[in-house]
Amino acid sequence: MTRGKAAIIKAYYLRNKSGDCPEEVLKVGLNEECTNVPYTLGRLFAVLESVQRNANAGINTTIKDKYFNTAASTPAQIFPILINLAQKHLRKLKEGKRIYFSKRIGEMAEIIGEEFPKRLNLAEQGAFQLGYYCQTQHDFEKKEEVQDE
């Protein structure tokens with residue numbers, strides 16, 4: 001998803017308020033305090049993709065290419081598979097990164113609760129996409145800061 005698409009989604013929900021996509025999701029940047037499950041699922045998806053990228057340097061296709069649409073619409077169907085895959089990727093990482101990613105996954109799992117939602121409606125899918133985009137952008141900016149120092 002491009003920055004422009006995320007801006008369009010945000011603009012739509014700011015103009016057309018929906019309980020399925022609450023205002024806490026529509027902040028300018030990443031909202032790590034947000035407890036909205038679809039938004040958190042999007043953030044979790046971005047973290048799982050990051051785990052995959054770190055475990056397989058130079059990978060061309062990621063989980064986003066194959067599973068993004070399914071994860072956004074039917075999370076219960078695909079997230080257990082993605083979590084199992086992430087466990088395999090985590091084993092390939094050095095201890096520091098493994099602990100860092102495991103902690104982030106755990107924090108988001110607490111927000112999501114005991115089970116993944118079976119389906120997300122269109123507004124919730126928008127929240128998922130915003131969560132994914134904001135988390136990805138945040139991680140990208142953080143990486144750029146580290147490289148600049």
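Confidence first: this is a predicted model, and the protein's mean pLDDT comes out at 86, with 79% of its residues at 70 or more. Two items are picked out below: helix α5, with one face lined by buried residues, and the two salt bridges that the structure holds.

**Confidence along the chain**

- Helix α4 (residues 75–91) is where confidence peaks, at a mean of 97.
- At the other end of the scale sits helix α1 (residues 3–15), with the lowest mean, 68.
- Watch out for residues 145–149, where pLDDT stays under 50. For that stretch the model has zero contacts beyond four places in sequence.
- Where pLDDT is low, don't read the predicted coordinates in detail.

**Helix α5**

- Helix α5 covers residues 95–112, which makes 18 residues. From first C-alpha to last, α5 reaches 26 Å, close to the 26 Å expected at 1.5 Å a residue.
- Its buried residues are F101, R104, I105, M108 and I112. Looking down the axis of α5, you'd find these buried residues within an arc of 95 degrees, so they line one face of the helix.
- The general rule behind such patterns is that an α-helix has 3.6 residues a turn, so residues three or four places apart point the same way.
- Turned away from the buried side of α5 is a face carrying the exposed residues E95, G96, I99, K103 and E110.
- Right after α5 comes G113, which has a positive phi, near 100 degrees.

**Salt bridge R104–D139**

- R104, already met among the buried residues of α5, forms a salt bridge with D139. The closest N and O atoms of this pair are 3.3 Å apart.
- R104 lies in helix α5 and D139 in helix α6 (residues 122–148), so the pair ties together parts that are 35 residues apart in sequence.
- Is this pair buried or exposed? Both R104 and D139 are buried.

**Salt bridge R53–E49**

- The other salt bridge joins R53 to E49, and here the closest N and O atoms are 3.5 Å apart.
- Both residues belong to helix α2 (residues 37–55), and because they are four residues apart there, about one helical turn separates R53 from E49.
- How do the two partners sit with respect to the surface? R53 counts as partly exposed, at 44% relative accessibility, whereas E49 is buried, with a relative accessible area of 4%.

Methods:
Residues are numbered from 1 along each chain as its sequence is written. This is a predicted model: local features need pLDDT of at least 70, side-chain atom pairs count only at pLDDT 80 or more; totals for chains, interfaces and linings use all residues. Side-chain values use heavy atoms; hydrogens and water are left out. pLDDT is the predictor's confidence in each residue, from 0 to 100. Contact means heavy atoms within 4.5 Å. The expected span of a helix is 1.5 Å times one less than its number of residues. Buried means under 20% relative accessible area, exposed over 50%, partly exposed in between (1.4 Å probe, protein chains only). The arc is that of the directions from the helix axis to the C-beta atoms. A salt bridge is a side-chain nitrogen of Lys or Arg within 4 Å of a carboxyl oxygen of Asp or Glu.
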